[in-house]
Amino acid sequence: MSLTTPMTRTLRPMTRTLLGMAVGLALSAGPLTVQAQSNEDVKMGFIVKKPEQAWFINEQEAATKLGEKKGFEVVRLSGEDGQEVLSAIDNLNSQGAQGFVICPPDVRLGPAIMNRAKQYGMKVVTVDDRFIGGDGEPMENVPHLGMSGYKIGEQVGNAIAEEMDNRGWDPDEVAALRITNYELPTAKERTDGATAALLESGFKKDNIFDAPQQNTDTSSAFSAASPVFSKRGDFEHWVIYALNEESVLGGVRASEQYGLDPEQVIGVGINGSGAAFAEFSRETPTGFHGTVAVSSTMHGRQSADNLYQWITEGEKPPANTETTGKLMTRDNWQDVREELGL
Ligand code: FCA
């Protein structure tokens, strides 16, 4: 082994810092000329807010696979809070990464994350959850890829309405457990879309009960849902929706604990990840009726590819790419899984 590799490794962090400073100077002096990067040394981070969730594991894996194919390296990192994200960015800089894809733990961290990235001259794209600027608006200058929340929410509402119809439920006597997360715009869009479709189908507005969750996972949804069932013991039939299937599963588990049978519950989620596959694989059906599946493989691969093109060709990705979904139930989940490459 020659000395070149370790030397290059050691020097790279410093080079990046200098480059970051040069970029800063160039920005203040005039238009920035983009420098193409040779493919071999392209390295990018892929930072996710929930590293234990199947959705995010799949995204990171898809990005890694693309990197193996195209010849770039993906460093998978966890960023469960602001502190961890900033350390992850420092860590990436010391490894010589040119940028990162991120699903942030809190969208309001956008400006702080961008500041740190700029110090190092790193390029940033967001996936799933889009940064919000100080003005409360989406940060349009950071390229984003995520699901089309409202439309996918509508699919959830329609799927619930159809299943209510199949079961012959009287809409006047059905309650909805709406697990909300209004801090996160994509979550609000999704539950708003589902609500609109349900109301359109004839669902009673007064029968919708909110369970605000602190986070986007199963346990926070379970905690939010339990008291709602206890307070509304007068309803025999329940529908459950939320921003994702992990949260709907929290609601379904709470309904079971309260004593409701699967036939009394219609839960429809969003994602189509391992959490849903595990539920559909159970021997007997549960109240988790279905989920609108979106390709996490595509999200991971495409966002990494967008960043890669930006690093190597200087081609800035589109400001916002919206993806669509397909209803997956116990009956068709394996086919949809294959179709979406999950
Ligand atoms: C958010 C949710 C995830 C997934 C993703 C596309 O980040 O928390 O479960 O739905 O959007």
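## Close-up views of a predicted model

**Figure 1. Overview of the protein chain.** The protein chain has 11 helices and 12 strands. The model is predicted. Of the 342 residues in the chain, 51% count as buried. The chain exposes about 15,700 Å², and carbon and sulfur atoms supply 49% of this area. Among contacts between residues at least 6 apart in sequence, 75% join residues at least 24 apart.

**Figure 2. The ligand and the residues around it.** The ligand sits in the largest cavity. The residues around the ligand are Lys49, Trp55, Phe56, Cys103, Asp128, Asp129, Met147, Arg190, Thr216, Leu243, Asn244 and Asn271.

**Figure 3. Polar side chains at the ligand.** Oxygen atoms of the ligand have side-chain partners in Arg190, Asn244 and Asn271. For Arg190, an N or O atom of the side chain is 2.8 Å from a ligand oxygen atom. A polar side-chain atom of Asn244 lies 2.9 Å from an oxygen atom of the ligand, and for a polar side-chain atom of Asn271 the distance to a ligand oxygen atom is 2.6 Å. On its own the ligand has 290 Å² of accessible area, and the protein covers 100% of that area.

**Figure 4. Asn271 in strand β9.** Asn271 is placed in strand β9, residues 265-271. Its relative accessibility is 5%, so Asn271 counts as buried. The phi angle of Asn271 is near 135°, a positive value in a residue other than glycine. Most residues other than glycine have a negative phi. Asn271 is also one of the residues around the ligand.

**Figure 5. Asp128 in the loop between β4 and β5.** The loop that holds Asp128 runs between β4 (123-127) and β5 (144-147). Asp128 counts as buried because its relative accessible area is 7%, under the 20% cut-off. Phi of Asp128 is near 70°, which is positive although the residue is not glycine. Asp128 is listed among the residues around the ligand.

**Figure 6. Surroundings of Thr291 in strand β10.** Thr291 belongs to strand β10, residues 288-293. With 0% relative accessibility, Thr291 counts as buried. A polar atom of the Thr291 side chain lies 3.0 Å from the backbone nitrogen of Ile270, and the backbone oxygen of Gly269 lies 3.3 Å from a polar atom of that side chain. Leaving aside residues up to four places away in sequence, Thr291 touches Glu245, Val268, Gly269, Ile270, Asn271, Gly272, Ala276, Phe280, Lys326, Leu327 and Met328. Asn271, one of these contacts, also has a polar side-chain atom 2.6 Å from an oxygen atom of the ligand.

How values were computed: Residues numbered from 1 in each chain as written. Predicted model: local features only at pLDDT ≥ 70, side-chain atom pairs only at ≥ 80, totals over all residues. Heavy atoms only, no water. Helix = DSSP H or I, 4+ residues; strand = E, 2+ residues; numbered from the N terminus. Buried < 20%, exposed > 50% of the residue type's maximum accessible area, 1.4 Å probe, protein only. Contact = heavy atoms within 4.5 Å. Areas by Shrake-Rupley, 256 points an atom, 1.4 Å probe, with all protein chains shown as cover. Near = heavy atom within 4 Å. Polar contact = N/O pair within 3.5 Å; in protein donor to acceptor, adjacent residues only side chain to side chain. 1 Å grid on protein atoms, 1.4 Å probe; cavity = no way out; pocket = protein on both sides within 12 Å on 5 of 7 lines; lining within 4 Å. Sits in = over half its atoms within 2 Å of the grid points.
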